[in-house]
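Subject: Structure handover

Hello,

Here is the structure I said I would pass on. My notes on what was found follow below it.

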Amino acid sequence: MTTSLETARHPERLRRVCIEPLTRVEGHGKVTLLLDEDNHIRQARLHVVEFRGFEKFIQGRPYWELPVLVQRLCGICPVSHHLAAAKACDQLVGVDQLTPTAEKVRRLMHLGQTLQSHALHFFHLASPDLLFGFDGPVAHRNIVGLIQDHPQIAMQGVLMRKFGQEVIRITAGKRIHGTGALPGGVNKHVTLAERDSLQKDIAQVLEWAEGAVQLIKRIILTNPGFHYRFGAVDANTLSLIAPDGSHELYHGGLRVRDPDGNTLLDHQDYQDYEQLIHEEVKDWSYMKFPFLTRLGPELGWYRVGPLARVNNCDCFHTPLAEQERQDFAAAGEGRPLQPVLATHWARLIELLHCAEAIRDLLPDPDLQGTELRLTGEMREKGIGVIEAPRGTLFHHYEINGDGLVTRANLIVSTTNNNQAINTAIRQVAREFLDGRELTEPLLNQIEVAIRAYDPCLSCATHAMGRMPLDLELCDAQGKRIDRLCRHPDGAVERPSIAVAKH
Amino acid sequence: MSNHFTLDGRQLPFVAGQTIMAAAQAAGVYIPHLCHNPDYAPHGSCRVCLVAVGRRQVSACTTPVTEGMAVDSRCESIQANRRAVLQMLFAEGNHLCPACERSGNCQLQAVAYYTGMLAPHYPPFFPRRPVDASHPDFIIDFGRCILCELCVRASRDHDGKRVFAISGRGLASHLVIDSPSGLLGDSDFAATDRAAHVCPTGAILPKHKGFEHPIGERLYDREPISKVGDLRAHEDEVDGNE
């Protein structure tokens with residue numbers, strides 16, 4: 001089922017439609033559709049066309065640079081990489097338990113990050129589709145149109161994001177690419193003046209977050225028949241979970257549930273992720289395809305992110321978010337919600353949770369503590385996992401005795417969602433595009449399905465060595481004169497080229 | 001009887017034999033520099049302390065002051081030449097401030113800001129120079145070495161060890177370490193050496209300490225180097241020494 005529409009049997013006979021660049025997502029990607037003469041979709045693929053290579057060029061660098069260096073993967077959610085790397089570095093410096101101050105400052109930073117990222121995604125990127133319709137005028141279906149038609153909503157989105165960025169600045173030193181988390185702790189606490197500056201705004205942010213959840217509920221429940229069908233694909237779900245089964249963003253065990261909500265793995269130590277998850281390489285994308293080892297690539301792919309987290313958790317400890325989660329769960333009628341647009345609903349419940357959790361954490365006197373950093377016996381391997389806004393994020397580093405990185409493996413949220421996104425766009429292509437004359441609004445439906453995952457394509461392409469490559473040499477007229485292919489197994493071949501004779 | 005010269009229109013005293021740099025520093029006037037450190041003999045290699053004396057541009061750290069000399073350190077042509085020198089230094093090495101633990105405490109970065117250099121200009125060389133982390137307490141990131149020879153001079157003139165030297169010529173010039181393996185860990189280098197604390201960039205750094213100073217509390221976060229002065233005056237604060 002998952003490979004349906006992945007590869008057409010005779011692509012040379014098909015017409016190619018390309019959506020490039022994908023808009024209102026982070027990073028560079030494209031979708032290709034192959035259609036037959038009756039406009040039936042025969043192949044649909046999300047391609048990530050950029051290559052970053054962080055896993056390679058951090059080799060040989062000192063481990064203590066990692067939290068600051070790898071966060072440059074991204075400008076939207078650098079805190080997630082910053083903290084995942086710091087958690088891995090905690091392992092490297094032999095610290096299994098941070099001081100209360102360090103842990104709470106990091107948690108506050110992460111809540112601010114998730115709040116700002118979710119606000120950015122919903123209000124700036126996704127809401128134009130939902131408020132103006134998938135087929136709204138393309139020149140108006142954007143943040144500028146939102147400001148024109150719904151200035152209050154746009155302003156709330158901008159100011160909520162600003163608040164989250166301010167939380168990051170206070171905990172990490174800068175709004176983007178700060179330096180707060182160190183191996184074994186943090187480099188600053190939160191002063192009383194800084195705390196007070198956040199406390200004066202939190203009530204307003206909380207009110208706006210509540211309004212945002214009601215907005216998405218109204219949108220989805222206005223046309224549930226369509227919204228529950230659009231991009232709905234049954235997927236396993238993976239996320240971190242707290243020891244009591246509650247929603248968790250910073251630290252916990254891994255939980256995996258099947259599409260019916262049956263728990264396949266629970267409270268699994270993420271230090272064992274290499275046994276739990278393997279990655280498949282396909283020759284048409286720079287992004288790998290992770291899957292649960294015990295289920296294999298065909299059945300073992302999974303979804304991460306807000307929809308997975310809210311489906312997976314037993315409860316929120318913040319009351320407003322918990323009330324909303326119960327409404328969300330009830331909508332599934334005993335089964336996890338699978339529609340791709342329910343991701344927005346889950347995302348805004350998390351936005352509300354973050355606002356509540358920040359409100360609850362700010363009065364904690366541990367934030368003003370001075371025990372910032374611990375050290376222990378150095379170790380050669382460190383694995384840090386965190387729930388980034390877009391989903392579960394794995395950072396794995398190995399160092400030599402001198403403290404220099406020898407190996408790195410990053411499984412980024414969007415990589416975890418690779419198969420889920422591809423499956424969602426194939427569902428949309430099959431149900432809503434197949435057999436129809438393609439128009440911009442129809443093609444936008446593909447982008448809407450991708451956008452719901454809030455993919456960060458810049459974050460997601462880092463492995464080197466086994467990456468398939470297709471190298472073409474063209475002459476000045478664009479005619480292909482040579483071609484070299486490296487396959488996922490490392491084999492290199494030079495396919496024959498039909499060269500026109502002059 | 002005191003002698004006088006003018007620096008940017010201000011009349012300043014000097015003592016016979018003083019360089020322009022020494023006289024300016026004695027009067028509390030900042031002239032940007034990287035390879036200069038008053039603890040060691042002038043070197044004149046970085047060319048950042050260029051000043052105009054009449055029609056000539058000379059290095060302030062090696063040029064003696066003379067009676068009545070008129071020195072211009074702040075005119076735009078001088079600042080432009082300093083920026084060009086700094087741009088070349090940044091292009092030759094791997095000076096990636098956003099990911100460098102010395103950022104905010106770095107003299108090279110602070111001098112670049114002082115001269116108005118806000119971003120790289122020339123295509124970077126991206127030299128492949130592996131980090132030497134073989135010493136238990138310090139690392140050397142050769143990609144950040146600007147060949148100022150301060151570590152060479154400190155090791156030789158203060159520590160009496162000659163751990164460092166410059167080898168090669170021209171573009172091939174590079175820092176070498178006197179040890180059987182060529183690694184710092186096999187040398188006589190010690191964390192207490194002066195050579196460990198004179199680097200004006202992030203080339204010689206203590207291990208495990210990166211990014212301990214929060215953004216906003218780093219040396220040059222607060223005021224420009226013309227007011228804060230060299231790293232030398234804030235060594236304990238930056239290196240975290242007791």
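Please keep in mind that this is a predicted model.

I start with the domains of chain B. The assignment splits chain B into domain 1, covering 3-74, and domain 2, covering 87-222. Between the C-alpha centres of domain 1 and domain 2 of chain B there are 25 Å. The two domains also touch: 9 residues of domain 1 of chain B are in contact with 15 residues of domain 2 of chain B. On the domain 1 side of this contact in chain B, 6 residues are nonpolar and 3 are polar, with no charged residue.

Next comes a pair of helices in chain B. Helix α2 of chain B spans residues 76-92 and helix α3 of chain B spans residues 107-115. They pack at an angle of about 145°, and their axes are 9 Å apart. The crossing of α2(B) past α3(B) is left-handed. From α2(B), the residues that make the contact are Q79(B), R82(B), R83(B) and L86(B). From α3(B), they are V111(B), A112(B) and T115(B). Sorted by type, the residues of this contact between α2(B) and α3(B) are 3 nonpolar, 2 polar and 2 charged.

Last, the contact between the chains. How many residues of chain A are in contact with chain B? There are 19 in chain A, and they meet 17 residues of chain B. The chain A side that touches chain B has 6 nonpolar, 7 polar and 6 charged residues.

Regards

Definitions and conventions
Residues are numbered from 1 along each chain as its sequence is written. Chains are lettered from A and ligands numbered from 1 in the order in which they are written. This is a predicted model: local features need pLDDT of at least 70, side-chain atom pairs count only at pLDDT 80 or more; totals for chains, interfaces and linings use all residues. Two residues are in contact if their C-beta atoms, placed from the backbone, lie within 7 Å. Ala, Val, Leu, Ile, Met, Phe, Trp, Tyr, Cys and Pro count as nonpolar, Asp, Glu, Lys and Arg as charged, and the others, Gly among them, as polar. Axes are lines fitted to C-alpha atoms, for helices over the stretch in contact, and angles run from 0 to 180 degrees between N-to-C directions. Helices (H or I, at least four residues) and strands (E, at least two) are DSSP runs, numbered from the N terminus. A crossing is left-handed if the near helix is turned anticlockwise from the far one by less than a right angle, and right-handed if clockwise. Domain bounds come from an automatic or database domain assignment.
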